Amino acid sequence: MRSTVNRVLLALAGLVLVVVGGAVLAAGLGASVPSWWPWDGKTDVLLSVADRQRWRDDGWWWPTVIAVLAVLVVLALWWFLAQLRRGRLADVLVDSGDGEGAQLRGRALESVLAEEAGGLDGVARAQAMLTGRPTAPRARVRLLMEPHAAPLGTLNAVADGALAHARNSAGLDGLPAEVRLKAVKHRAERVS
């Protein structure tokens, strides 16, 4: 959901910038613009001579402005490219032994991982996500722990159980994993 909202906001920001830039370009080329538009002719400029020369005596001003704008452009490009990158792994390539191979849906493997990890004693809820490449997936597992759970025992059970089963069933040499444990919030017990 967050990536969809991110992409929509990025598209809207780009659309606004293209429209405003196009309107400024149209006004500069002599096309008619609305009466409320701040620049209305070929002789109008975005920055007047007085605005441009106000800081001319200070040698730090223009290099600072150019550096800040360059950093903003680089950050905007980085953000845009990050939106195009897929977070989840769609398919995992499984070696079937016959030279052909097979594809296993990433969501199916995530579901099995989460279900098996969620069935452990002391785990209130489990989530799993696969990232990486189809030939070398990585797992991210989040566990919401009950108050009575032993973190080390649960972590060992996930590593020896759910992760080992997923690795073996997909025929992977290794399945690196990041397991995050979080305690469920609960009230303090009263002792009388």
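**Why we call it that: patches, pairs and burial**

V5, V8, L9, L12, L15 and V19 make up a nonpolar surface patch, with about 530 Å² of accessible area together. Keep in mind that this is a predicted model.

Student: Take L9 in that patch. What makes L9 partly exposed?

Tutor: L9 sits in helix α1 (residues 2-28). Its relative accessibility is 49%. Exposed needs over 50% and buried needs under 20%, so L9 at 49% counts as partly exposed.

Student: OK, on to the strands. How do you know that β1 and β2 pair?

Tutor: Pairing takes at least two bridges, and 4 bridges join β1 to β2 (residues 102-105), so the two strands pair. They run antiparallel, and V92 stands opposite L104 in β2.

Student: Which side chains of β1 are buried?

Tutor: In β1 (residues 91-94) the side chains alternate. V92 and V94 point to one face and are buried. D91 and L93 point to the other face and are not buried.

Student: Why is the contact between R105 and D91 called a salt bridge?

Tutor: Check the distance. The side chains of R105 and D91 come to 3.5 Å, N to O. The cut-off is within 4 Å, so the pair counts as a salt bridge. R105 lies in strand β2 and D91 in strand β1, so this contact ties together parts that are 14 residues apart in sequence.

Student: And what makes R105 exposed?

Tutor: Its relative accessible area is 58%. Exposed means over 50%, so R105 is exposed.

Student: How many salt bridges does the structure hold?

Tutor: There are 2 salt bridges. One of them joins E178 and R180, whose closest N and O atoms are 2.6 Å apart. Within 4 Å is what's needed, so this pair passes. E178 is partly exposed at 34%, and R180 is partly exposed at 48%.

Student: Let's do charges. Which residues gather in the patch of negative charge?

Tutor: D95, D98, E100 and D173 gather there, on the surface. D98 belongs to the loop between β1 and β2. With 53% relative accessibility against a cut-off of over 50%, D98 counts as exposed.

Student: Which residues form the positive patch, and which strand gives the most to it?

Tutor: The positive surface patch is formed by R125, R138, R140, R142, K182 and K185. Strand β4 (residues 136-145) gives the most, with 3 residues.

Student: What makes K182 exposed?

Tutor: K182 has its place in strand β5 (residues 177-183). Its relative accessibility is 56%, and the bar is over 50%, so K182 counts as exposed.

Student: Back to β4, then. Why is A139 called buried?

Tutor: A139 is found in strand β4, and its relative accessible area is 3%. Buried means under 20%, so A139 is buried.

Student: How far apart in space are A139 and A177?

Tutor: They're 4.5 Å apart, C-alpha to C-alpha, while being 38 residues apart in sequence.

Student: One last residue. How do you know that G153 is partly exposed?

Tutor: G153 lies in helix α5 (residues 151-170). Its relative accessibility is 42%, and partly exposed covers what falls between 20% and 50%, so the label fits G153. G153 and G122 are 31 residues apart in sequence and 9.7 Å apart in space, C-alpha to C-alpha.

Conventions:
Residues are numbered from 1 along each chain as its sequence is written. This is a predicted model: local features need pLDDT of at least 70, side-chain atom pairs count only at pLDDT 80 or more; totals for chains, interfaces and linings use all residues. Side-chain values use heavy atoms; hydrogens and water are left out. Buried means under 20% relative accessible area, exposed over 50%, partly exposed in between (1.4 Å probe, protein chains only). Patches are made of residues with over 30% relative accessible area and no salt bridge: like charges are joined within 9 Å, nonpolar side chains (Val, Leu, Ile, Met, Phe, Trp, Tyr) within 5 Å. Accessible areas come from the Shrake-Rupley method with a 1.4 Å probe; for residues, only the protein chains shown count as cover. Lys and Arg count as positive and Asp and Glu as negative; His and the chain ends are not counted. The place of a charge is taken as NZ of Lys, CZ of Arg, CG of Asp or CD of Glu.
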